[in-house]
Amino acid sequence: MARNLPDITVPDLTGKLAVVTGASDGVGLGLATRLAAAGAEVILPVRNQGKGQQAITKIRQRYSQAVVSLRELDLSSLASVAALGTALRAENRPIHILINNAGVMTPPARQTTADGFELQFGTNYLSHFALVGHLLPLLRAGRARVTSQLSIAARTGTINWADLNWERSYDGMKAYGQSKIAFGLFGLELERRSTTENWGISSNIAHPGVAATNLLKAQPGMGRPQATVGGRLIQAMGSRGILVGTPETAALPALYAATSPEARGGRMYGPGGFQHLAGAPAEQPVYAPLRSEEDARRIWDLSESLTHVEVGPARTP
């Protein structure tokens, strides 16, 4: 018997320009597909151009009139982030939607980015921070909505302020949680600064619940030759409709946060079902580790120092 999966109605996005990171497969590809289907022009900044081209082919097979294109982006390199920013600013087109979706999860052994940051902290958070900084003029011009993709891993834990790069006692899951907590603090602080400085940007955060996405599958490049035991269990549960969602439903909270007229800046959206693991998207209370404005200002200032990218003027406490 077919499952009755949740869905949302996406408003007409004709004339809008959207940028989605991590859109070559998985949840990101689902987001890009739905945006293109609603009439938006969608830019897919990807590391693997071959996979990116396959993603564009899949989108156009479903929606022949879709306007989609590739750009180069390797989120493990701040130089690559800066190059994308330079290229898009040269095009000088206002951006109306930015979904910061790409990420990596729990490499078994500690790895670093090209700039020496712990891989998850650098890829999941710092590069997206820098990307927003580089694109800020275009986001302001488009009065953009910026949606940053978190994880239920951000509901507990903290920032390891004494060892942000986990050089002394690497724990893959705690480092992953830190990257998502930092991302959430940033997403909410971006809304506050936009309001204070009148940037015209609306920033919110979302999480996909639990689903068998590519984050849990084999990642040989990260030292994980096969899917995790948890990933295989989640895939089996998802295929049977037990508790967790699917890659398609996992995309809905960020899609809702980025496009719905009802979604607001400074809010968090996730699946509305049991324990927020699956279900139709709904607004949810912001996770406790994300509520401190002092922590948000602290991680913002540190991020500017680490990335050498300033995201607008400083906000007075």
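**Exercise 1. Which residues is Leu78 in contact with, leaving aside its neighbours within four places in sequence?**

Keep in mind that this is a predicted model.

- Step 1: Find Leu78, which sits in helix 3.
- Step 2: List the contacts. Beyond its sequence neighbours within four places, Leu78 touches Asp115, Phe117, Leu126, Ser127, Ala130, Leu306 and Thr307.
- Step 3: Check the burial. With a relative accessible area of 13%, Leu78 counts as buried, because the cut-off is under 20%.
- Step 4: Try one long-range pair. Leu78 and Val309 are 231 residues apart in sequence, yet their C-alpha atoms are 9.8 Å apart in space.

**Exercise 2. Work out which elements build the largest nonpolar core, and which of its residues have the most contacts inside it.**

- Step 1: Start with the core itself. It has 52 residues, and Tyr125, Leu139, Phe186 and Leu290 have the most contacts inside it.
- Step 2: Go through the suppliers. At least two residues each come from strand 1 (17–20), helix 3 (78–91), helix 4 (119–141), helix 5 (172–197) and helix 9 (293–307).
- Step 3: Pick out the main one. Helix 4 gives the largest share, eleven residues.
- Step 4: Set the other core apart. A second, separate core has 37 residues, including Ile8, Ala23, Ala257 and Ala258.
- Step 5: Zoom in on Tyr125. Leaving aside neighbours within four places in sequence, its contacts are Gln120, Ser179, Ala182, Phe183, Phe186, Ile299 and Ser303.

**Exercise 3. Compare the end-to-end span of helix 4 with the expected one, then find where helix 4 bends.**

- Step 1: Get the expected span. Helix 4 has 23 residues, and at 1.5 Å a residue they should span 33 Å.
- Step 2: Compare. The end C-alpha atoms of helix 4 are 32 Å apart, which agrees.
- Step 3: Look for a bend. Helix 4 bends by about 65° at Leu135, and Pro137 follows within four residues.
- Step 4: Look at the surroundings. In helix 4, 20 of the 23 residues are buried. The helix lies across strand 4 and strand 5, and runs at about 180° to strand 4.

**Exercise 4. In what order do the eight strands of the open sheet lie? Then follow strand 5 within it.**

- Step 1: Read off the order. The strands run 3-2-1-4-5-6-7-8, and the pairing is mixed.
- Step 2: Mark the edges. Strand 3 (67–72) and strand 8 (281–284) each pair on one side only. From one strand to the next, the twist averages 25°.
- Step 3: Take one pair. Strand 4 (residues 97–100) and strand 5 (residues 145–149) are parallel and share four bridges. One partnership joins Ile97 to Arg145 in strand 5.
- Step 4: Sort the side chains. In a regular strand they alternate between the two faces of the sheet. In strand 5, Arg145, Thr147 and Gln149 point one way, while Val146 and Ser148 point the other way.
- Step 5: Check burial. All five residues of strand 5 are buried.

**Exercise 5. How many of the residues of helix 8 are buried?**

- Step 1: Locate helix 8 at residues 252–259.
- Step 2: Go along it. Leu252, Pro253, Ala254, Leu255, Tyr256, Ala257, Ala258 and Thr259 are buried.
- Step 3: Count up: eight of its eight residues.
- Step 4: Tie this back to Exercise 2, where Ala257 and Ala258 turned up in the second core.

Conventions
Residues are numbered from 1 along each chain as its sequence is written. This is a predicted model: local features need pLDDT of at least 70, side-chain atom pairs count only at pLDDT 80 or more; totals for chains, interfaces and linings use all residues. Side-chain values use heavy atoms; hydrogens and water are left out. A nonpolar core is a set of buried Ala, Val, Leu, Ile, Met, Phe, Trp, Tyr and Cys residues joined through side-chain atoms within 4.5 Å. Buried means under 20% relative accessible area, exposed over 50%, partly exposed in between (1.4 Å probe, protein chains only). Contact means heavy atoms within 4.5 Å. Two strands pair if DSSP finds at least two bridges between them. Axes are lines fitted to C-alpha atoms, for helices over the stretch in contact, and angles run from 0 to 180 degrees between N-to-C directions. The expected span of a helix is 1.5 Å times one less than its number of residues. The bend at a residue is the angle between axes fitted to the seven residues ending there and the seven starting there.
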